[in-house]
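Me: Could you take a close look at one part of this protein, beginning with a charged residue in a loop and working outward to the nonpolar packing and the aromatic rings? Please give the cut-offs as you go.

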Amino acid sequence: MAMAGAHRPGPLKQQNKAHKGGKHSGSSQRRAGGRVPVKAQPRRRLRDLSRVDRRHQALQLRRQRKEAVLAEKRSLGSRDGPPHLVAVVLLHSRVAAQDTLQLLQSQDSAVVRVNEGRAGGFALLCPRLKQRWRFVTAQAGDLHTVLDLAKVADSLLFILDAVDGWDSAGEHCLSCLFAQGLPSYALAVPGGTDLPPKKRIDARKKLAKAIEKRFPEAKLFPLNTEQESSLLLRHLSTQKQRHLAFRDRRAHLLAYTAEFVPGQESDLVGTLKVSGFVRGQTLDVNSLVHIVGHGDFQVSQVDAPPDPLSLNPRVVKGQKRSQDMEIQEDPVNGTDEMEEDVKVLMKADPSKQESLQSEVVPDPMEGEQTWPTEEELQEAEDSLKANRRVVKVPKGTSKYQAAWIVDDGEEGSEKDDDEDDDIDDDLMEEAISQEGESSEEEPGEEESETMTVSECLRDDQYDEKMEEDEQMLERYKQERMDEMFPDEVDTPRDVPARVRFQKYRGLKSFRTSPWDSKENLPRDYARIFQFQDFSRTRKHLFRQIEKEETEGASVGWYITLHVCNVPVSVMESFKEGKPLVLFSLLPHEQKMSVLNFLVRRHPSNTEPVRAKEELIFHCGFRRFRASPLFSQHTSADKHKLERFLRTDAALVVTVYAPITFPPASVLLFKQRSNGMHDLIATGSLLSVDPDRIVIKRLVLSGHPFKIFTKTAVVRYMFFNREDVMWFKPVELRTKWGRRGHIKEPLGTHGHMKCHFDGQLKSQDTVLLNLYKRVFPKWTYDPHVPEPVPWVRSESALPEQEVEME
């Protein structure tokens, strides 16, 4: 009997993967035998926690935040912290400062009043409640004083009129404060007791309705009795503090006293000894300080004089200080008793001290130098012989002097090149010619008017106002033309288009075509600083501020800073009653770079503002003058230039300015001819990026002369055959969405045959886009003149209601 053979699998048998049993976590733990690896175990994630643990963790975080807020309230105005700084802002001309401040100076025997000697400045000390306040006053019309005090004040106390609330100057002041950043505030209304009861109720309802628009959920505090003033002080002490990001990360102080010591070389420059309470962060003696409105300076020494607002004052021999007495102090020179016990806290270390260098000094000979060959020398000599010209020169002039004499033609060409770089040259020639005709006709019209109008002292002033009105009317026309025909320019007849637009290029796509950010940079870019990664540097710097402890004067200390090389004008401004505010600078904040601000037009101002027009910037703790560029805010790598500051969209403003780490608010002002500052735009600091590409676009337009199925003859875009051949590679488009290109020129007068992706309409317009990168002008000026006080009008609230309707 034969045995059956064993079964053999065929070639199509399924082959399964072997089971990897030794690589899962359970087997690895068994193989480890209880051994713990050297690498630390990662922290458990939130999703691995149980429900009870998650609730417990959330409760702990909530308690920590609550304790932080309570600790901040307790430290404000306490023994260990700085005095509670309250800036009193008078929002109406009818509000009397003295009557209001006398009520705040309570007659309680447990309160000590310290008068600073400055107008409206005083301090209140309450040892029983362990609280101390410092009050400083400012009028709403004094714009720089209000904004400077709001930068450092813990609370703002707005004093309103019982009937009208605030006037036009108060409205302008509130707009600027809201744009800069508003700290904690309170609203007080003195007076109103002389009105009849019915009118008093109506006035209060009207005021509450007007306040609801500006200050939602705000409470009005009457300020007529001592009891009401004590309630107001309690509210200021217990309310939650609102933080301003740009000041919380920097040490700052408001000068309490100041003394100027002239230098040895000149009396105009010396050392300024500024005393005040440190706020915000610990102040390092090696860091630079910025005096608001005056510039950056170095600190040589920090002293620790006695605290003039101590809750436990020491008794000087021969004097007895009772708790209810008033103490007069000189804020300029300080007291003799303080000078006796001055202790030197720290002195600057030259090896660690920040430098005041703000610009890079470029070396024009830095590039590689090679000696020219004989062929190159001969070629240069031949070119000089070819370019020789006959010029009439005075007798005795050498060849070298004659080479520098410029012909009229050369002057004109250089002038044209300078005008080509300016934005004004890109406006339509019709607008420019109209402006010239109107300026030529003005003298005749003015002469005819002066013959008929009687002679008076104000005629010349009135004519000046009329000239300003005509200039403003011309700007309105140009802005309107730019809105109707954006970036369109007429092709010049006297200059070839290939010469006039030789700095421009065509792009296949504005969004996707590449553009090198390091190409053809101006000479000013050799003077600025640039970060390799600005966002990473900013995060690293802020992380150090939060975690590491800086050596220096702690928050709440009363110190004296010795600021070096300060002009005497700073001390003169302090003597005039202006506040002296100091901010410590973070690393690199004294260096120049390219700053980009994201702003939006303020609704109170509708006048046209052109690019490269000088504006006044209030950026964080700085203020300066510069001529900015306006560009669109997009997520692309190229951004189109805007010739005017638009009212319907947010724009990016680009200037040369010192580096500032965001967040920081920005206010844009425009100075009138009479010295007043108009708020035109508000926003915030976007980035510090010199590589942000701003592209200026020019649009040349032509009209279809003969239309075929997909071709057309276009004229009026160019006026000679060479220009058509030069711009032949650039793509064409039409206002109705057709795209095409130039096939060939026709004749010698600029007519050209063009091919499109569809048939044109007779009313369509053919367009050709040209692009060029532009850069801001270096017009940075840190000195901003004081604005003329705002002209007050007492009917601010009714006008506001009419505008809103």
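Reply: Buried means under 20% relative accessible area, exposed over 50% and partly exposed in between (1.4 Å probe, protein chains only). By that criterion Asp164 counts as buried because its relative accessible area is 14%. This is a predicted model, in which local features need pLDDT of at least 70 and side-chain atom pairs pLDDT 80 or more, while totals for chains, interfaces and linings use all residues. Numbering starts from 1 along each chain as its sequence is written, and side-chain values rest on heavy atoms, without hydrogens or water.

Asp164 belongs to the loop that runs between β5 (155-159) and α5 (168-180), both being DSSP runs numbered from the N terminus (helices H or I, at least four residues; strands E, at least two). Its side chain makes a polar contact of 2.8 Å with the side chain of Arg94 (N or O atoms within 3.5 Å, one able to donate a hydrogen and the other to accept it; sequence neighbours count only if both atoms are side-chain atoms).

In the same loop topic, Leu160 touches Leu91, Val95, Gly165, Trp166, Leu187, Ala188, Val189, Pro190, Leu207 and Ile211, leaving aside residues up to four places away in sequence (contact: heavy atoms within 4.5 Å). Leu160 is also among the residues with the most contacts inside the largest nonpolar core, together with Leu156, Phe158, Leu177 and Phe215 (a core joins buried Ala, Val, Leu, Ile, Met, Phe, Trp, Tyr and Cys through side-chain atoms within 4.5 Å). That core has 46 residues, and its largest share, 6 residues, is supplied by helix α4 (residues 143-152). Another core, of 30 residues, lies apart from it and includes Leu541, Leu586, Phe624 and Val666.

Turning to the rings, Phe158, Trp166, Phe178, Tyr185 and Phe215 are linked by ring pairs into a cluster (Phe, Tyr or six-membered Trp ring centres within 6.5 Å; planes under 30 degrees apart are stacked, over 60 edge-to-face, the rest tilted). The whole structure holds 23 aromatic pairs, one of which is the tilted pair of Phe624 and Tyr780, 5.3 Å centre to centre with 50 degrees between the planes. This pair joins distant parts of the chain, since Phe624 is in strand β21 (residues 622-626) and Tyr780 in the loop between β32 (766-773) and α19 (796-804), 156 residues apart. Phe624 is buried because its relative accessibility is 1%.

Lastly, Phe135 sits in strand β4 (residues 131-139) and, at 0% relative accessibility, is therefore buried; Phe135 and Leu85 are 50 residues apart in sequence, with 6.1 Å from C-alpha to C-alpha.
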